[in-house]
Amino acid sequence: MPKLLPIIEFLEHGVKKPIWDCKMCGQCVLHSTGMTCPMTCPKTLRNGPCGGVREDGHCEVKPEMPCIWVKAYERKDSLPLPQSWRNHYNDLRPPVDNQLKGTSSWLNLITKRDQQTPAGWSAENATHESQ
Amino acid sequence: MSDFPSHLAERFSTSERVFTVEFPSIDGGNLAAVKSRVDDLLPWFDAANATDSPAAHAHASNVAIAIALQNFGLEPILQVVCRDKNRIAIQSDIMGAALHGVRNIELLTGDDVTAGDEPEARRVFDVDSAQAIKIAATLRGGRYLSGRKFSDAPDLFIGAVENAAAPPLEYRAERVTKKVNAGAKFFQLQICFHGDRLENFAQTVNASHPTLPLLPTIVLVKGAKPLKFMHEKVAGIDIPTEVIARVEQASDPKEAAYQLARAQAEHALSLPGVRGLHFTDFCHDDSLVRLMRDLGVTPRPTGSH
Ligand code: SF4
């Protein structure tokens with residue numbers, strides 16, 4: 001396995017970089033974001049758009065680029081994606097684990113390493129009382 | 001839980017309207033500069049936002065201002081943006097402020113560095129606003145994000161911000177739910193010149209979160225020029241051409257700008273879930289007090305809280 005690692009990382013990047021401008025964060029959420037990579041948002045927001053989206057739906061930071069969250073919102077319904085993926089669009093995604101940067105999210109998915117979050121994140125604290 | 005409850009939370013639990021204000025940025029000088037502004041605002045407002053390098057300009061820090069406000073008797077809402085600090089520093093700031101009695105913490109993304117006068121700065125955005133809200137809720141529960149426990153957890157009153165007027169419009173109300181689930185208990189809404197969008201947003205949010213307090217922002221300006229500036233230069237603010245034209249072509253543009261703000265305030269207050277207003281004052285004269293009086297607010301004798 002260890003010898004295979006660089007090959008898998010190379011393959012994953014080879015596929016995902018040209019199509020989704022993959023940043024190899026190592027914890028892929030593309031399926032739940034209309035196949036639009038949140039790491040290409042200049043603010044790397046993983047839980048929806050900032051307040052600066054322009055009237056034409058373009059990005060606050062890069063006016064020539066459509067806001068990735070506007071794109072994601074349209075694509076989650078327009079692309080032929082499984083309903084279960086669409087249902088995850090509004091999920092609260094945990095902070096990026098910066099230790100995974102550059103590693104293969106495919107492997108991290110299989111090993112479930114990409115689901116590990118800090119103990120304080122997963123701990124059931126008093127945040128879920130409904131309004 | 002420690003024993004400094006949020007006055008703001010208490011106010012929301014009454015049936016009275018709640019008014020908050022953007023505390024002006026302080027660039028230099030000493031605490032007297034803070035005190036004199038507090039004295040002007042204290043009779044009118046329930047709380048003031050201690051902003052975090054707004055529009056990506058450096059000023060006296062959010063935490064320092066929040067502590068000063070707390071000490072001068074004007075309850076602060078500590079704003080924390082994700083642009084400049086990583087998750088460790090964000091937690092330390094919240095806990096440091098909490099040590100001084102600051103209880104209202106509002107987490108937001110923050111304008112991009114390119115909005116400011118140091119566009120060459122590095123962006124941090126280690127966490128986003130929804131994640132920062134959950135981290136604040138974790139602190140409220142007596143743990144750091146790592147899981148490390150501590151005693152006497154501060155009874156934080158956690159707030160969030162949303163832009164009801166920016167695309168993707170249909171998603172904005174839905175995302176409120178995500179932030180509520182993360183731990184947000186009140187929302188201040190960004191400046192909005194599309195009354196219809198604000199109305200749709202308030203209705204949708206109120207239908208799923210009937211007790212969630214919303215505070216739309218009303219901005220006071222002196223005429224058409226600042227409106228044009230906001231429209232062209234401030235990300236996320238779109239002002240319809242006819243709105244700007246109405247102010248510009250009025251015989252008294254300053255009065256027209258005031259009447260625009262007043263009409264926006266009255267409209268916003270009529271919407272479901274709207275428990276009060278937040279104000280940003282670019283007039284720096286008696287307009288804000290005039291507006292409060294026109295809205296039927298009577299000043300409190302100072303020193304009451
Ligand atoms: S406008 Fe969209 S893509 Fe640009 S920084 Fe904000 S959320 Fe990211």
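**View 1. A buried lysine in helix 6 of chain B.** K179(B) is buried in this predicted model, with a relative accessible area of 3%. That counts as buried because the cut-off is under 20% relative accessible area. K179(B) is part of helix 6 of chain B, which spans residues 169–182. What does K179(B) touch? Leaving aside residues up to four places away in sequence, its contacts are S129(B), A130(B), I133(B), A160(B), V161(B), E162(B), A184(B) and F187(B).

**View 2. Two phenylalanines in the largest nonpolar core.** In soluble globular proteins, nonpolar side chains tend to be buried together. Here the largest nonpolar core holds 93 residues. Which of them touch the most other members? They are F23(B) and F279(B). A second core is separate and has 14 residues. Among them are V219(B), I239(B), I244(B) and A257(B).

**View 3. The surroundings of F23(B).** Residues up to four places away in sequence are again not counted. F23(B) touches V34(B), R37(B), V38(B) and L41(B). Its contacts also include A48(B), N49(B) and T51(B). I65(B), L69(B) and L74(B) complete the list.

**View 4. The two faces of strand 2 of chain B.** In a regular strand the side chains alternate between the two faces of the sheet. Strand 2 of chain B covers residues 47–50. A47(B) and N49(B) point one way. A48(B) and A50(B) point the other way. Are these residues buried or exposed? All are buried.

**View 5. Strand 2 of chain B and its parallel partners.** Strand 1 of chain B, residues 18–22, pairs with strand 2 of chain B in the parallel sense over 3 bridges. V21(B) has A48(B) as its bridge partner. Between these strands, the chain passes through helix 2 of chain B, residues 31–41, in a right-handed β-α-β crossover. Strand 2 of chain B also runs parallel to strand 3 of chain B, residues 76–81, and 3 bridges join them. There, A50(B) has L78(B) as its bridge partner. The chain goes from strand 2 to strand 3 of chain B through helix 3 of chain B, residues 62–72, and this β-α-β crossover is right-handed.

**View 6. The largest cavity.** Rolling a probe the size of a water molecule over the atoms shows where empty space is left. How many cavities of 30 Å³ or more are there? The count is 4. The largest cavity holds about 130 Å³ of space. Its lining has 17 residues. Nearest its centre lie K16(A), C22(A), C25(A), C28(A) and C37(A). Helix 1 of chain A, residues 5–20, gives the largest share of this lining, 3 residues.

Technical notes:
Residues numbered from 1 in each chain as written. Chains lettered and ligands numbered in written order. Predicted model: local features only at pLDDT ≥ 70, side-chain atom pairs only at ≥ 80, totals over all residues. Heavy atoms only, no water. Core = buried A, V, L, I, M, F, W, Y, C linked by side-chain atoms within 4.5 Å. Buried < 20%, exposed > 50% of the residue type's maximum accessible area, 1.4 Å probe, protein only. Contact = heavy atoms within 4.5 Å. Helix = DSSP H or I, 4+ residues; strand = E, 2+ residues; numbered from the N terminus. Pairing = 2+ DSSP bridges. Right-handed = clockwise from strand over helix to strand, strands pointing away. 1 Å grid on protein atoms, 1.4 Å probe; cavity = no way out; pocket = protein on both sides within 12 Å on 5 of 7 lines; lining within 4 Å. Points joined across faces, edges and corners; volume = space filled by probe spheres on them.
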